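Biologist: Could you take me through this model, one region at a time?

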Amino acid sequence: MEVHNEVDGSGVPLAVLLKRELCNQKVEKPDILFGEASKSKKGEDFTLLVANCHRTPGEGPGDNAGGGDTISMFVIVDGHNGPAAAVYTRENLPNNVLAAIPPNLTSEECTAALPRALVASFVKTDKDFQTKAARSGITVTFVIIDGWVVTVASVGDSRCILESAEGSVYFLSADHRLDANEEEVERVTASGGEVGRINVARGVGIGPLRCWPGGLCLSRSIGDTDVGEYIVPVPHVKQVQLSNAGGRLVIASDGVWDALRFQEALNYTRGLPAEAAANRVVKEAVSSKGLRDDTTCIVVDILPPEKLSPPLKRHVKGGIKALFRWRPSDELSEEQTDNGCFEPDVVEELYEEGSAMLAQRL
């Protein structure tokens with residue numbers, strides 16, 4: 001029996017897992033390069049970009065540090081009905097995440113605890129904001145990079161996509177617009193809410209699907225205290241592990257995704273460093289539809305340390321993928337084998353949960 005044909009429960013070949021284990025001590029944490037761009041229409045988009053942050057509670061995201069006990073945070077907060085919820089969340093959600101990570105964990109245990117910590121912190125931030133008696137709300141896409149592991153929590157319609165080093169594309173967030181998510185429509189109506197379009201003369205509905213009361217076109221958000229209990233702050237969470245070939249994240253508000261398809265946005269980033277890529281995406285989005293909404297993009301490159309990094313050829317293979325699987329064509333190249341510690345370009349799904357039921361998440 002040949003080991004390279006065996007697959008573990010996650011669908012990743014044992015040969016890849018063994019190689020990853022053997023290389024663990026050799027491979028350093030990735031280099032994180034990033035850039036952002038934004039065009040403002042309403043002044044309700046906010047971002048947070050922290051390349052090195054202590055994950056010890058009490059040492060917040062502004063406390064930069066080196067060493068192995070750090071994570072990176074990249075956040076887009078897109079407000080509506082005013083900026084109050086966006087400002088509050090940007091200032092408080094990152095610290096709530098860090099505080100929700102249990103103390104005295106190993107690095108691996110801390111990474112495994114992130115999904116639960118993100119759910120708890122989203123809910124806490126929403127509950128605390130309700131005391132402010134403000135009616136504004138937000139969508140959030142919150143990305144944590146911990147070594148080669150990427151964890152994404154999201155409510156609303158800002159999105160995060162990953163392009164692996166060899167060109168495969170993966171969704172790391174969910175779309176909670178009622179127009180785009182039948183499961184959320186079913187959840188809202190089953191809970192007693194009403195979903196429909198704005199009625200005009202003769203019963204004709206116009207515009208996107210909305211939840212009533214309130215008329216919000218999203219099913220999940222932080223804030224929005226005036227729209228009832230059907231709109232929840234419980235995030236969709238996905239966690240994946242990259243190979244040490246790395247990849248590129250594109251995180252953007254709906255001002256980008258309402259104008260560009262996912263593959264279009266990625267195509268505009270080709271051959272550009274992170275900041276230039278983010279600027280190009282925003283420029284093309286505004287050029288396509290005009291500046292109808294705040295339009296914000298963050299591009300993050302997760303790169304192997306320079307001494308381990310051979311030049312990688314980018315090519316698109318198979319388009320956008322919602323599922324994670326290893327393909328037999330993803331064999332080690334001669335160049336990677338000679339290097340001794342490069343893996344096939346495997347993106348392994350570690351965790352995914354999208355239930356809105358808090359009891360199932362905590």
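**Helices, strands and one threonine**

Modeller: Helices H2 and H3 are oblique to each other, because their angle falls outside the ranges for roughly parallel (under 35 degrees), roughly antiparallel (over 145) and roughly perpendicular (65 to 115). Helices here are DSSP runs (H or I) of at least four residues and strands are E runs of at least two, numbered from the N terminus. The model is predicted: local features need pLDDT of at least 70 and side-chain atom pairs 80 or more, while totals for chains, interfaces and linings use all residues. Residues are numbered from 1 along each chain as its sequence is written, and side-chain values use heavy atoms, without hydrogens and water.

Biologist: At what angle do H2 and H3 cross?

Modeller: The axes of H2 (residues 84–100) and H3 (residues 107–130) cross at roughly 140° and come within 8 Å. Axes are lines fitted to C-alpha atoms over the stretch in contact, and angles run from 0 to 180 degrees between N-to-C directions.

Biologist: Which residues meet there?

Modeller: On the H2 side they include Tyr 88, Leu 93 and Val 97, and on the H3 side they include Leu 118, Phe 122 and Phe 129. Contact means heavy atoms within 4.5 Å.

Biologist: Turning to the strands, how many residues of S4 are buried?

Modeller: In S4 (residues 137–146), 10 of its 10 residues are buried. Buried means under 20% relative accessible area, exposed over 50%, and partly exposed in between, with a 1.4 Å probe on protein chains only. Val 143 and Ile 145 are among those pointing one way from S4, while Phe 142 and Ile 144 are among those pointing the other way.

Biologist: Which strands pair with S4?

Modeller: S4 pairs in the antiparallel sense with S3 (residues 70–80) over 9 bridges, with S5 over 7 bridges and with S10 (residues 222–223) over 2 bridges. Pairing requires at least two DSSP bridges. Ser 72 stands opposite Ile 145, Phe 142 has Ala 153 of S5 as its bridge partner, and Gly 137 stands opposite Gly 223 of S10.

Biologist: What links S4 to S5?

Modeller: They form a hairpin with 2 residues between them, and Gly 147 in the turn has a positive phi of about 65°.

Biologist: And Thr 151: buried or exposed?

Modeller: Thr 151, in S5 (residues 149–155), counts as buried because its relative accessibility is 0%. Its side chain makes a polar contact with that of Gln 239 at 2.8 Å. Leaving aside neighbours within four places in sequence, Thr 151 also contacts residues including Leu 118, Phe 142 and Ile 144. A polar contact is a pair of N or O atoms within 3.5 Å; within protein, one must be able to donate a hydrogen and the other to accept it, and residues adjacent in sequence count only if both atoms are side-chain atoms.
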